[in-house]
Amino acid sequence: MSVDAPSYYGESNKRAKISSDSLPHIGNLPDSVLLNTVSYLQETSRVLLAVALTASSVSWREERWKIKPSDSAVLIMKEGKVNKFNSYVDFVNTEKDLAAKLSDEDVGGVLKCVSSLHTIKHLQLTHCVGIKGSCLEPLRGSTTLMSIDLSLVEDKQSPNINPEPAISTAEVIPILHSIIDAEGCSLNHIQFPKKWRGELKLFFSPKKQLLKRFLSKYNRMMKNSNVTCGAHKCTDGNWGPCGRICQGGTEERPWVNTGGNNFGIFNSTCYSCNDTYCQECTEEEDINLAVCDKCEKNHCSHCNETLKCDTCQVGLLLCNPLLN
């Protein structure tokens, strides 16, 4: 006697297809489940998830980052312990391959979700070699931003990137203009991409002139600003900041170089601590402020080792090998 067994190959027994509309969406998960899920992610990934739960890349681009974060995004930002983004954004903890794939829409969405216009003081776009720069739009007119690193490499690493990154002066410079034009501007340090700084050595080009005009304008602004010196000294028995107004912006030593091998590098501001030192105090306090041959960033001797050449006795500043 034969027994009818179920057929695993017949038309009547094909596995039913599940409609995509019936699948649960991560944004509809209970708050406790969503927070438990993001607790396994590091901070940058949490913010990227908040961006993804708010809108698609196409929507971020079309709306020019005017979209308000979704309820799920707000929950992740508020309760997901995304603390360091209150003042500092860096993609250094994002996997290098992932950071390289981030678009302007992705990075711009992050800046929008963290309310960067009013909160971000320091921005470092480490490994974001795929962006052109329109992602900085949420920072337009910021009076909070103090420093921005557009070199796209990790701290204390060579700024040479091969192939050259996509970042564009045409996208970024207008936004930087809006920041230094804002009343109450706090921006005292910009680390430009090596790609841009190398363009000075080329023949006349609109890109080179665009950057040179910005640097000249920045130097004029800083010369008229009341930036106080960051040097520390003992006054009346108390150890504290110098407090005097920095006397910078001379023709021989402008705030930022507009020519020569150090084109686009700041003379008076330390990349690491963001303190500004006037020339008089660096001499009085024996503070060495120089450009590292390796990373091509300006550092003060408080932040890195200062070495002297045995032959010429000229002070040479090298990135601290212990920190590499």
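**Notebook: helix α6 and three single residues**

I began at the end of helix α6 in this predicted model, where S115, just after the helix, takes a positive phi of about 50°.

I then looked up how α6 itself, residues 104–113, is placed, and found that eight of its ten residues are buried, so the helix is largely enclosed by the rest of the structure. The buried positions I noted in α6 are D104, E105, V107, G108, G109, V110, L111 and C113.

Next I turned to T126, which I located in the loop between β2 (122–124) and β3. Its relative accessible area is 0%, and because the cut-off for buried is under 20%, I entered T126 as buried. Leaving out residues up to four places away in sequence, I listed D90, F91, V92, A99, L152, V153 and E154 as the residues that T126 touches.

From that loop I moved on to strand β3, residues 147–149, in which S147 lies. I recorded S147 as buried, with a relative accessible area of 13%. Setting aside neighbours within four places in sequence, I found S147 in contact with K121, H122, L123, L187, H189 and N274.

My last entry concerns N261, which I placed in the loop between β6 (238–241) and α11 (279–284). Is N261 buried or exposed? With a relative accessible area of 69%, I entered N261 as exposed. I also looked up its separation from R197, and noted that the two are 64 residues apart in sequence and 8.8 Å apart in space, taken C-alpha to C-alpha.

Note on methods:
Residues numbered from 1 in each chain as written. Predicted model: local features only at pLDDT ≥ 70, side-chain atom pairs only at ≥ 80, totals over all residues. Heavy atoms only, no water. Helix = DSSP H or I, 4+ residues; strand = E, 2+ residues; numbered from the N terminus. Buried < 20%, exposed > 50% of the residue type's maximum accessible area, 1.4 Å probe, protein only. Contact = heavy atoms within 4.5 Å.
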